[in-house]
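Take a moment to look over the sequence and the fold before reading on. The paragraphs below begin with a small detail and then widen the view step by step.

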Amino acid sequence: MPGMTGRWHLRALLLLAVVAGAVACGNTMTGPSATPTPTGSPTPTPSVFHNVYVGRNASGSPDIVFLDSTSGTSTSTIRAGEAVQWIWANGSHSTTSGTCPLGCISDGQWNSGVGGSGTYFQHTFPVAGTFPYFCSVHGPMMQGKVIVQ
Ligand SMILES: [Cu+2]
């Protein structure tokens, strides 16, 4: 029954579209209206957020790196209950939780999706532990780590 097969195909496609839509709406990415401004010099935000720059190195140049504003490296050390805020400075990048053993595999804890300059993404870490992440565009070349104490 060829007609039956076609209908099932359509259903599967519809289901995929619905799932993709739900995932896209599930993140907390915000636009340029969020504070602080991404292009300025590193302005310490009042309290809650621990800033990590995306796509900018310590010299302020575009680069394929995550740069923690406190440590000056790709490792962020925070306390349980605090949040990390990624601030896109350049390029097309994501912050995606997971590791890159052979290629990169998301562990589903957070995923900003790919953003560019002016994008922000926040994630709160309620529990102590070590949380590796990567950029879904650059893979193993662009990794970071959040250590929650
Ligand atoms: Cu990247």
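In this predicted model, a good place to begin is Gly98, whose bridge partner in strand β6 is Ser106. Another such pair is found beside this one in the chain, for Thr99 stands opposite Ile105, which also belongs to β6. These pairs belong to the contact between strand β5, which covers residues 96-99, and strand β6, and the two strands run antiparallel and are joined by three bridges. Strands of a sheet pair through backbone hydrogen bonds, and they may do so in either a parallel or an antiparallel way.

Following the chain from β5 to β6, one passes through a hairpin with five residues between the strands, and here Gly103 takes a positive phi near 75°.

Where does this hairpin sit in its sheet? Strands β5 and β6 stand at one end of the order β3-β9-β8-β5-β6, which describes an open sheet of five strands with mixed pairing. The edge strands of this sheet are β3, made of residues 75-78, and β6, made of residues 105-111, and each of them pairs on one side only. If direction is ignored, neighbouring strands of the sheet are turned by 35° against each other on average.

The model also holds an open sheet of four strands, whose order is β2-β1-β4-β7 and whose pairing is again mixed. Its edges are formed by β2, which spans residues 62-68, and by β7, which spans residues 120-124, so placed that each pairs on one side only. From one strand to the next, the twist in this sheet averages 20°. Within it, strand β1, which covers residues 49-56, pairs with β2 in the antiparallel sense over four bridges, and as an example of the residues involved, Tyr53 has Leu67 in β2 as its bridge partner.

With both sheets in view, the chain can now be considered from end to end. How many helices and strands does the chain contain? There are one helix and nine strands, and, read from the N terminus on, the elements follow the order α-β-β-β-β-β-β-β-β-β, with the helix placed ahead of the strands.

Two further values describe the chain as a whole. Of its 149 residues, 26% are buried. Among the contacts in the chain that have a separation of 6 or more, 63% are made by residues that lie 24 or more positions apart.

Note on methods
Residues are numbered from 1 along each chain as its sequence is written. This is a predicted model: local features need pLDDT of at least 70, side-chain atom pairs count only at pLDDT 80 or more; totals for chains, interfaces and linings use all residues. A residue is buried if 20 or more other C-beta atoms lie within 10 Å of its own, exposed if 12 or fewer, and partly exposed in between; C-beta atoms are placed from the backbone. Two residues are in contact if their C-beta atoms, placed from the backbone, lie within 7 Å. Two strands pair if DSSP finds at least two bridges between them. Axes are lines fitted to C-alpha atoms, for helices over the stretch in contact, and angles run from 0 to 180 degrees between N-to-C directions.
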